[in-house]
Amino acid sequence: MAEKKLNLTLKIWRQAGPNFVGNFAEYKLAVSPDSSILEMLDDLNNDLENKNLEPVAFESDCREGICGTCGLVINGQPHGPIPKIATCQLHMRHFNDGDTIWIEPFRAKAFPIIKDLMVDRSAFDRIQETGGFISVNTGSVPDGNAIPISKDIASEAMDSATCIGCGACVAACKNASAMLFVSAKVSQFALLPQGQPERYQRVQAMVKKMDELGFGSCSNTYACEAECPKGISVKNIARMNRDYFMAKVKTENVES
Amino acid sequence: MGWLYSALSSSIGKKFVMAVTGICLILFLIIHLINNLTMYGGPELFNTVVKNLDIIKPIVRVIEAVLVLIFVFHIFNGVKLWYENKKARPIGYTVNGSSKNSDITSRTMIVSGSIVFIFLIIHLKTFWVSFNLGHPLAEEHQYYEIVASAFSNWIYSGLYIVAMVLLGFHLNHGFQSAFQTFGWNNNKYFPLIKKLGLIYTLIMVIGFASIPIYFLFFYGGNV
Amino acid sequence: MIKLDAKIPSGPIQDKWTNHKFNMKLVNPANKRKYDIIVVGTGLAGASAAASLGELGYNVKVFTFHDSARRAHSIAAQGGINAAKNYRNDGDSVYRLFYDTVKGGDFRAREANVYRLAEVSDNIIDQCVAQGVPFAREYGGLLDNRSFGGALVSRTFYAKGQTGQQLLLGAYSAMNRQVANGTVKLYARREMLDLVVVDGVAKGIVCRNLLTGEIEKYSGHAVILATGGYSNVFFLSTNAMNCNTTAIWRAHKRGAAFANPCYTQIHPTCLPVHGEGQSKLPLMSESLRNDGRIWVSKNKNDMRAPNDIPEEERDYYLERKYPTYGNLSPRDISSRAAKEAFDDRRGVQGKEAVYLDFRDAIKRLGENVIRERYGNLFEMYGTITGENPYKTPMLIYPAPHYTMGGLWVDYNLMSTIPGLFIAGEANFSDHGANRLGASALMQGLADGYFVLPYTIGNYLAGDKPTLVKTDHEEFNKIKKGIEDQTSKLLSIKGKRTVDDIHKELGRYMWNKVGMARNEKGLKEVIGEIKELRNEFWKNVNVVGNSNDVNQCLERAGRLADYLELGELLAVDSLHRNESCGGHFRVEYQTEEGEALRNDDEFTYVAAWEFKEVGKWELNKEPLEFENVHLATRSYK
């Protein structure tokens, strides 16, 4: 645990509200290399509050990389330069004394900025509400072991289900596409036997909602996979594409 | 058929159209290249091949019409996607870190595609128009000489080679991307598809670009 | 004085819940949509309750301060969820789960509630599987189990190290389905700031819209609070940054008794504090103790690097003190032992930390086996600390993790305010003085899926509560009160930041109401907290204004409540002259330093009734153990 502090220049996006023009503010501070980047922002905010200045609005909650609340674009990369971690797990020892760090919010039409580094990701919830579930009522279910599921399928479904809904895939994609997020949920249920009855209805409904909400299309740059804190594979997108075609070809539904 | 239209105009549908038309164009390029490579057989072989195509002209015209349609779909859809995708992020990042998370060829399809498109227009004017619309040498079935003459021009050949390299970028991403869009991404086969795409791309780029190089450096014939 | 009627059904313990379900009144299906039910919190308990009540046809309004219901801190639970399925054929049963939970809780839980919890545990697993929760499976395709502390059977179901996440996403998806159906309406980014009680009955809530700052009023026939625990009173804990006590504390101030606040669980394997800027203490899974050995130097103030300390100068204190359970001793006992080592000035290089060493396990099993078992945890440790735990031992230290105490509820999960129900960690009901691993998820989902849907109906059909309109004077009065408090906070313009004061509170709590408590310290700390509370109201600086996103104001409001709750925690600790589970009073220990319960005087639930700030009246609910005999826990 090093005693030495890093002297850094921060360029942080400040924007008073959704309809305000934002710009970068510059701050200089010294930070312990053992701090996380969010703890550094806590420090900064404490200093600002001491000077009666408004602190930088940013969101975080669990600070252990699972709740998906935090999400900053650090030097152009969602969740910063280290792969497979969320912003809260990025520690300052990965930076050098004298560095300048640019911190921006996630940018996408479907994720409007609320204030400073806070964005509105409720579009994700709207997508989930259209089909991200299996329709079973409480109580009316068979025994947990009634349907055996192969270990491989269960693990693959788990890999898809591990998505934390942070939105880094959208932030990283040059098209601000939500395909990785949506496909992870579609895949989880498409893989499991429990998800089969609603499989085709689900994928159509969720894709339709995704398109309505103003996300871009996927152009297979795979930036989403590279920036995903949980390493969710673009194979999920392929699976969703396949299911979408099959839904269109196989079902008689002409509405969705 | 409203469902089909809405399916194809969804985000996944548009990608599907890109992939299908892209695969068609990939196949077309193979035939085109085989045709071009006959040049290494000398003027006589090449001229005979082109001349023979003349005999089945009605069929060629139909194929050409289909090709144009495919091109139009590919380009129209591509531009539309590009425009819509731009709109999905109205304000961009100040610091762009995309070089750290994605391949440049995948991010620049619109650029490589546009340049290849401009090249295509020039290319059609230089060859297709000359071959079909009353070039004096074409009347005499001296197609080989038209090519040799065009490639003796350093600027034209240079542009051609550059265009082929960009086509290579476009193909390298496009090939595997089409399979991903179709949903054929699998731990076993996808690495193979990626390699296949690279090999295909290299063959295309080297094959097409070798011809101007041949004419510039190794063709001693007098035009 | 409140009358505490636990409403425990009569009859043998096995039949209580079954009989009670039959005896409860039912609401006509056609009438259900006429009832508005407010659910605050969208963790396991809140989301599952909202989903189940929505499915039944009630008109549910659900509130969360997060941007999305999926962010609730249930998501961070790692290990697993218990259920008495006995899929292992290793002798598990509902009765054994019930017994282990009562014993693990150091005989301070209500038997009937615990039995019901064990009884519905099987249904929870079935429910989650049907929702598509990808539990770990065996090669044969059936559900896998692992073992957990405090039990001799394998009954823990898990989904990698992310069980809480998967269960929460299951409940969240079930709730989303009801949102789509229109039976549940989700209000995100709303923080409940007060409970509205009219004529002694809960009728609604008042909350702040965290985006616009507007104070909004919502009415309902019943209110459910599922807002989690209060570990953040210690500032540093394993809880999420925004976890707070405000909802239950305000309900407490409106008349809901607060039970057993002193039962706080300190988890032994968390990362130590790195410095003043530390914002939280990440948890390292308890499973690490299966292969890791915990030790400190035998010498005081030993500043040597761990690998320079020879074997004979290392003190594997858990193995030494508890040879049978060794490094797998229960949470409360392991935590206290770490504190003893630190107090003896034998913490790692003088710091609040002990070693968790895998050297011997790596020597015995090879690095690959260890990587296979704990790879992701080692990676997480490396990411946070920048050190390689394969080469040097991990540094760990206990941290506040879970609070067994909470609002008092009867068997129906109703608080002392009629119409106000409390679910999950927010209530006190099932874990007694100490919670076993993998039981929190079980309790949250049991309350939401399988208890509240019945007991809420019983309340509605039996009490026939009426709806009070939000323009009722009580709503307006409470709204005005909130607005006044907001103006007050913003107008103090003092010299200290909210976090600065919260950190000071945390230090007091950790030092004197933490792992080891004593009369003198508790008496002191009550004064210190009172003083700090005065300081807060005179000298805090809350920047910004009230009609906008203002995180500073949010934190200030939460801290104001912690400054009151902290005192009650100390008061309860001071009154409970015994040591049990998560509550350890140094005056009450055996010669070997083990917790010494006083069953004759303290076999009761301490339910505190709010009188005014800093003043409470104690009510007692005696605990009767008809099935499990009171005994001393031993892990030697």
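1. In this predicted model, strand β7 of chain C, residues 201-209, is joined to β8(C) by five bridges, and the two strands run antiparallel. One of the facing positions can be named, since Cys207(C) stands opposite Glu216(C), a residue of β8(C). These strands belong to an open sheet of three, ordered β6-β7-β8 in chain C, with antiparallel pairing. At its edges are β6 (190-198) and β8 (215-219) of chain C, each of which pairs on one side only, and from one strand to the next the twist averages 25 degrees.

2. The sheet of chain C also has a helix packed against it. Helix α13 of chain C, residues 473-492, lies across β6, β7 and β8 of that chain, and the helix runs at about 140 degrees to β6(C).

3. Chain A has a sheet of its own, and a reader tracing its strands should note that their spatial order is β2-β1-β5-β3-β4, in an open arrangement of five strands with mixed pairing. The edge positions are taken by β2 (23-31) and β4 (77-78) of chain A, each pairing on one side only. Within this sheet, β3 (residues 73-74) and β5 (residues 100-104) of chain A run antiparallel and are joined by two bridges; here Val73(A) stands opposite Glu104(A) in β5(A). As general background, strands of a sheet pair through backbone hydrogen bonds, in either a parallel or an antiparallel manner.

4. A helix lies across the sheet of chain A as well: helix α1 of chain A, residues 37-50, crosses β1 (6-14), β2, β3 and β5 of chain A, and its direction is at about 80 degrees to β1(A).

5. Chain B is built from helices, with 10 helices and zero strands, so that its pattern along the sequence reads α-α-α-α-α-α-α-α-α-α. Taken along the principal axes, the C-alpha atoms of chain B fill a box of roughly 55 × 45 × 40 Å.

6. Which chains touch, and which do not? Two pairs of chains touch, and of these the pair formed by chains A and C has the most contacts. Chain B and chain C, by contrast, do not touch, and their nearest C-alpha atoms are 20 Å apart.

7. The contact between chains C and A takes 78 residues from chain C and 74 residues from chain A. The size of an interface is often given as the accessible area lost when the parts come together. For chain C and chain A the buried area is about 6200 Å², with carbon and sulfur atoms giving 49% of it. On the side of chain C, the residues that lose the most area to chain A are Arg71(C), Arg137(C) and Arg177(C), which together account for 10% of what that side buries.

8. How many salt bridges are counted between chain C and chain A? The count is seven, and one salt bridge between these chains is formed by Arg121(A) with Asp67(C), whose closest N and O atoms are 3.7 Å apart. Between chain C and chain A there are also 48 residue pairs in polar contact, both residues being at pLDDT 80 or more. Several helices of chain C, including α3 (44-56), α5 (111-130), α12 (440-463) and α16 (551-575), each supply at least two residues of the side that touches chain A, while α6(C) gives the most, with nine residues. By class, that side of chain C divides into 30 nonpolar, 29 polar and 19 charged residues.

9. The contact between chains B and A takes 38 residues from chain B and 46 residues from chain A, and the area buried there is about 3500 Å², of which 54% comes from carbon and sulfur atoms. In chain B, the residues losing the most area to chain A are Ile12(B), Tyr93(B) and Asn101(B), together 19% of what that side buries.

10. What does the count of salt bridges come to between chain B and chain A? It is zero, although the rule for polar contacts finds 25 residue pairs across this interface, both residues at pLDDT 80 or more. Among the helices of chain B that each supply at least two residues to the side touching chain A are α1 (2-8), α2 (11-37), α4 (57-87) and α10 (190-218), and α9(B) gives the most, with six residues. This side of chain B has 12 nonpolar, 20 polar and six charged residues.

Definitions and conventions:
Residues numbered from 1 in each chain as written. Chains lettered and ligands numbered in written order. Predicted model: local features only at pLDDT ≥ 70, side-chain atom pairs only at ≥ 80, totals over all residues. Heavy atoms only, no water. Contact = heavy atoms within 4.5 Å. Buried area = accessible area lost by both parts, 1.4 Å probe. Salt bridge = Lys/Arg side-chain N within 4 Å of Asp/Glu carboxyl O. Polar contact = N/O pair within 3.5 Å; in protein donor to acceptor, adjacent residues only side chain to side chain. Helix = DSSP H or I, 4+ residues; strand = E, 2+ residues; numbered from the N terminus. Nonpolar A, V, L, I, M, F, W, Y, C, P; charged D, E, K, R; others polar. Pairing = 2+ DSSP bridges. Axes fitted to C-alpha atoms, helices over the stretch in contact; angles between N-to-C directions.
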